Amino acid sequence: MSDEQIRLGELRDQIDSLDQQIMDLISARARCAQEVAHVKMAANPGEDVFFYRPEREAQVLRRIKEANPGPLADEEMARLFREIMSACLALEQPMRIAFLGPAGTFTQAAALKHFGHSVISVPMPAIDAVFREVESGAAQYGVVPVENSTEGMINHTLDMFISSPLKICGEVQLRIHHHLMRSPQSGDQPLSRIYSHQQSFAQCRQWLDAHQYGVERVTVSSNAEAARRAASEPGTAAIAGDMAAELYGLEIMAGKIEDRPDNTTRFLIVGRESVGPSGQDKTSILVSMRNRPGALYQLLEPFHRSGISLTRIETRPSPSGTWAYVFYIDFEGHMDDTNISKLLEDLEEDAVELKRLGSYPAGVL
Ligand SMILES: O=C(O)C(=O)C[C@]1(C(=O)O)C=C[C@@H](O)C=C1
């Protein structure tokens with residue numbers, strides 16, 4: 001046996017023994033989570049028990065990132081613990097998560113990034129269907145896109161909050177990488193058509209003009225649908241992400257073709273109950289103001305006075321006409337914080353209507 005083989009054997013023995021210890025520790029952790037489930041059920045006999053605790057999960061993941069000794073990157077370590085917690089929660093309660101489908105969309109990738117892979121992810125045909133699935137109780141939570149760094153807000157999602165009773169329970173950001181992909185059966189056939197979602201075409205416009213100018217661009221309902229079509233129509237291609245390429249067995253002709261390298265989409269988690277403070281939270285509200293001079297100043301001044309950071313403000317047309325303006329506002333802090341609850345009271349005095357959409361942990365992953 002060579003020196004190298006001896007050393008390799010020793011290291012692998014060490015890895016086997018460490019794996020055994022990790023497994024024993026994960027099993028002990030899972031038994032703890034089962035106990036936690038019993039405690040939660042005993043505390044709320046006969047009532048709906050919410051096993052998933054977003055604020056606690058955010059605290060666990062933040063602590064892991066802070067305490068990580070390396071050499072693994074903080075994000076990698078957090079991802080591993082994300083999956084461990086996901087498996088532990090599945091022991092407490094199998095979770096159904098509705099997402100904007102079909103299978104293979106970026107929204108599904110966001111749902112799995114946020115909840116881990118031990119949930120049952122259920123594709124829905126449209127954003128309002130995601131809301132309905134959660135409102136009816138058929139799914140515990142839903143995941144919908146809300147804004148893209150290149151293309152701006154997804155208005156359909158914002159508008160859903162005007163009428164829906166659901167709360168925002170979390171947020172997750174996903175770096176969006178688009179690839180041009182086609183069926184491996186296509187050979188060297190020239191492309192006659194490219195399928196994609198309208199947002200993805202917009203995010204890859206410059207690249208397409210430079211590299212696929214003159215090829216017909218056909219808008220479809222999702223990137224996954226684009227990939228499905230490209231898989232069955234030789235000579236066509238799709239712009240979609242990794243999950244869709246894998247799901248439909250497509251080969252990537254050109255990778256990462258988005259015009260902006262930092263192209264990111266933010267998704268919201270919607271659910272039926274409020275989330276407690278995690279120590280680093282955001283709050284979202286909808287406010288309607290009277291249509292009169294100084295309305296916007298009146299809306300923003302209390303934020304300035306209380307030193308609260310706005311992270312987003314967006315205007316939407318009123319659906320009923322009774323609301324002259326509807327502002328969708330995100331800011332730092334939790335509704336249970338004294339300064340935030342005071343701010344909301346002040347705003348309520350001037351607003352026609354104020355709807356609290358939820359306080360939730362700022363995205364960790
Ligand atoms: O602390 C809890 O409430 C748990 O249920 C445990 C646990 C975990 O595995 O750490 C699991 C699920 C919850 O969403 C949060 C945390």
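Biologist: Which element gives the most to the shell around the ligand?

Modeller: That's α3, with 4 residues. Bear in mind that this is a predicted model.

Biologist: What makes a residue count as part of that shell, and which residues are in?

Modeller: The C-beta atom, placed from the backbone, has to lie within 6 Å of the molecule. The residues around the ligand are A33, V36, F51, Y52, R53, R56, E57, V60, M85, C88, L89 and E92. Two or more of them come from each of α1 (3-43), α2 (54-67) and α3 (74-92).

Biologist: How do the shell residues divide into nonpolar, polar and charged?

Modeller: There are 8 nonpolar and 4 charged residues, and no polar ones. Tyr goes in the nonpolar class here, so Y52 doesn't count as polar.

Biologist: What does UniProt say about residues 2-96?

Modeller: An unreviewed entry there carries the annotation "domain: Chorismate mutase" for that span. In the model, residues 2-96 are 78% helix and 1% strand, and their end C-alpha atoms lie 53 Å apart.

Biologist: Why is V270 called buried?

Modeller: The cut-off is 20 or more other C-beta atoms within 10 Å. V270 has 26, so it's buried. V270 sits in strand β11 (residues 264-271). As for A237, 33 residues away along the chain, its C-alpha atom is 34 Å from that of V270.

Biologist: What makes helix α9 "mostly covered"?

Modeller: Of its 10 residues, covering 223-232, 8 are buried. Among them are the charged E225 and R228, along with N223 and A224. Strand β1 (residues 96-100) is mostly covered as well, with 4 of its 5 residues buried.

Biologist: How do you know that β1 and β2 pair?

Modeller: Two strands pair if DSSP finds at least two bridges between them. β1 and β2 (residues 120-124) have 5, in the parallel sense, so they pass. One of the partnerships is I97 with S121 in β2.

Biologist: And with which strands does β6 pair?

Modeller: β6 is joined to β9 (residues 236-240) by 3 bridges, running antiparallel. β6 also pairs with β10 (residues 251-254) over 3 bridges, again antiparallel. Against the minimum of two, both count as pairs. H179 stands opposite A240 in β9, while R182 faces E251 in β10. Within β6 (residues 179-182), H179 and M181 point one way, L180 and R182 point the other way, and all are buried.

Biologist: Why are β13 and β15 called edge strands?

Modeller: The sheet of 4 strands is open, with the order β13-β14-β12-β15 and antiparallel pairing. β13 (310-317) and β15 (353-361) each pair on one side only, and that's what earns them the name. Neighbouring strands in this sheet are turned by 15° against each other on average, direction ignored.

Biologist: How many bridges link β12 and β14?

Modeller: There are 8, in the antiparallel sense, between β12 (residues 281-289) and β14 (residues 325-332). The pair clears the minimum of two. I285 stands opposite I329 in β14.

Biologist: Where does the domain assignment put domain 1 and domain 2?

Modeller: Domain 1 is 179-258 and domain 2 is 279-361. Taken over C-alpha atoms, their centres are separated by 41 Å.

Technical notes: Residues are numbered from 1 along each chain as its sequence is written. This is a predicted model: local features need pLDDT of at least 70, side-chain atom pairs count only at pLDDT 80 or more; totals for chains, interfaces and linings use all residues. Axes are lines fitted to C-alpha atoms, for helices over the stretch in contact, and angles run from 0 to 180 degrees between N-to-C directions. UniProt positions are given in the numbering used here, feature names are shortened, and annotations may be inferred rather than shown by experiment. Domain bounds come from an automatic or database domain assignment. A residue is buried if 20 or more other C-beta atoms lie within 10 Å of its own, exposed if 12 or fewer, and partly exposed in between; C-beta atoms are placed from the backbone.
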